[in-house]
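This report describes how the parts of one modelled assembly meet each other. The sequence and the coordinates are shown first, and the contacts follow.

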There are 2 protein chains.
Amino acid sequence: MSDQITLTEKQKKLIEQLGIYHEKSGLSPASGRIKALLTVSPVLELSFDQIRETLQLSKSATSNSINLLMSMGAIDYITHPGDRKRFFRSKIGNWRDTMKQSFRNITNVADLLEEILIQRPNETEEFNKNLEEVISFMRYFKKEIPSLYKKWDKSE
Amino acid sequence: MSDQITLTEKQKKLIEQLGIYHEKSGLSPASGRIKALLTVSPVLELSFDQIRETLQLSKSATSNSINLLMSMGAIDYITHPGDRKRFFRSKIGNWRDTMKQSFRNITNVADLLEEILIQRPNETEEFNKNLEEVISFMRYFKKEIPSLYKKWDKSE
DNA sequence: TTTATAGTTCTTATAATTGAGAACTAAAAA
DNA sequence: TTTTTAGTTCTCAATTATAAGAACTATAAA
């Protein structure tokens, strides 16, 4: 019956906080909580019903959110022999790709800003110069990311 | 009567695209369009009614969005002697601060992840190691931003 | 002093998100 | 073959976000 997992008050608070952070990054409340639960939970692999009951969600919200998070590559699942259940877990090991994705979002706007710059009147000199600088910095930033990773790897 | 400013189809399309980008970053449609208009418009300083009529917004949506963008530091205004109107303009010159703000959002989660790490069981070794790495990279990244700006400045 | 201007604020109306609950489905177990 | 399990999908209700429109306000102009 009760698949609810036991969490300390501290853990519940951290799930809430991390969940809100995920919401700000564009996830729905339910998806954010599930992603957060799979980061905070001492048990790394949780079944559908453990997630559902721990977070008090409906089956539909749980199913839809799990599938969204899987399609985003944020979580995956494993099965255990003799058990039909799937056990979901965070793909935190993929953090480099996740990070790269979020950098891509910052830098991809550079192309759009360039299109804007191209059709601006030459007369708005100071403005255009600032726009040019933003674009230039974004591209420089993008270019430097690999070496940033390399330098971090070394410093580890 | 008509304070609507003239825009090419291309400019309208760019406002739409940049507006959607701003929406994805958390602004409402109206705020996103206003910020985009003040980036694309060949006329840099636009009055309340020029913004309103060009984007076909209600007075309330225009007023609330303008005030939100001002409180965020995304736009400001000037007045011209003998004219009561305020003329709003993009604060694109502040792009370094804007960029820093968006970096802060990425790196601020490090403290939360650290709190999560601290209370995790030692048994989930691999997971904890990954979490540790994310935190370490985020902090390294934050630390490197100033020198990234410096190097970019030089390369300019 | 009255009127016009430049917005602001308040009260809805509409639309979009979100998730609940029930009905359904496919595969495995009995 | 029937039943149970592990989810999925559909429909709908509730909440939330968004902005329209009207009423209001403060300042300046006439």
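## DNA strand C

In this predicted model, the side chain of A:Arg84 places an N or O atom 3.1 Å from a base nitrogen of DNA strand C. The corresponding residue number in the other chain also takes part, since a polar side-chain atom of B:Arg84 lies 2.6 Å from a base oxygen of DNA strand C. A contact to the backbone of the strand is found at B:Asn67, where a polar side-chain atom lies 3.5 Å from a phosphate oxygen of DNA strand C.

There are 17 residues around DNA strand C, and those that come nearest are A:Ser58, A:Ser60, B:Lys59, B:Ser63 and B:Arg84. Of the atoms of DNA strand C that come within 4 Å of the protein, 54% are accounted for by sugar and phosphate. Helices α2 (29–40) and α4 (59–71) of chain A, together with α4 (59–71) of chain B, each supply at least two residues of the surface near DNA strand C, and α4(B) provides the largest share of that surface, with 4 residues. By class, the residues of this surface divide into 5 nonpolar, 6 polar and 6 charged.

## DNA strand D

Which residues are the closest to DNA strand D? They are A:Lys59, A:Ser63, A:Arg84, B:Ser58 and B:Arg84, out of 16 residues that surround this strand. Three of the side-chain approaches to bases can be described individually. A polar side-chain atom of A:Lys59 lies 2.5 Å from a base nitrogen of DNA strand D, and an N or O atom in the side chain of A:Arg84 is 2.5 Å from a base oxygen of that strand. From chain B, an N or O atom in the side chain of B:Ser60 is 2.8 Å from a base nitrogen of DNA strand D.

Sugar or phosphate atoms make up 58% of the atoms of DNA strand D within 4 Å of the protein, and the rest belong to bases. The surface near DNA strand D receives at least two residues from each of α4 of chain A, α2 of chain B and α4 of chain B, with α4(A) giving the largest share, 4 residues. The classes on this surface are 5 nonpolar, 6 polar and 5 charged residues.

## The contact between the two protein chains

The contact between the protein chains takes 47 residues from chain B and 47 residues from chain A. Between them, chain B and chain A bury about 4,600 Å², of which 72% is on carbon and sulfur atoms. On the side of chain B, the residues that lose the most area to chain A are B:Phe127, B:Phe137 and B:Tyr140, which together account for 14% of what that side buries.

Polar and charged pairs are also present across this contact: the count is 18 residue pairs in polar contact, both residues being at pLDDT 80 or more, and 6 salt bridges are counted between chain B and chain A. One salt bridge joins B:Glu133 to A:Arg96, with the closest N and O atoms 3.2 Å apart. The elements of chain B that give two or more residues to the side touching chain A are α1 (9–24), α2 (29–40), α5 (95–118) and α6 (125–155); α6(B) gives the most, with 16 residues. The residues on that side of chain B divide into 27 nonpolar, 12 polar and 8 charged.

## Relation of the two copies

How is chain B superposed on chain A? A rotation of 180° with 0.0 Å of shift along its axis brings chain B onto chain A, with an RMSD of 0.1 Å. The two copies are therefore related as by a two-fold rotation axis. Of the interface residues of chain B, 100% are also interface residues in chain A, so the copies meet through the same surface.

## Salt bridges over all chains

Over all chains, the count comes to 20 salt bridges. One of these is formed by the side chains of A:Glu9 and A:Lys12, at 3.3 Å from N to O. Both A:Glu9 and A:Lys12 lie in helix α1 (residues 9–24) of chain A, where they are 3 residues apart, about one turn of the helix.

Notes. Residues are numbered from 1 along each chain as its sequence is written. Chains are lettered from A and ligands numbered from 1 in the order in which they are written. This is a predicted model: local features need pLDDT of at least 70, side-chain atom pairs count only at pLDDT 80 or more; totals for chains, interfaces and linings use all residues. Side-chain values use heavy atoms; hydrogens and water are left out. Contact means heavy atoms within 4.5 Å. Buried area is the accessible area (1.4 Å probe) that two parts lose on being put together, summed over both. A salt bridge is a side-chain nitrogen of Lys or Arg within 4 Å of a carboxyl oxygen of Asp or Glu. A polar contact is a pair of N or O atoms within 3.5 Å; within protein, one must be able to donate a hydrogen and the other to accept it, and residues adjacent in sequence count only if both atoms are side-chain atoms. Ala, Val, Leu, Ile, Met, Phe, Trp, Tyr, Cys and Pro count as nonpolar, Asp, Glu, Lys and Arg as charged, and the others, Gly among them, as polar. Copies are superposed by least squares on the C-alpha atoms of residues with pLDDT of at least 70 in both. A residue is near a molecule or strand if one of its heavy atoms lies within 4 Å of it.
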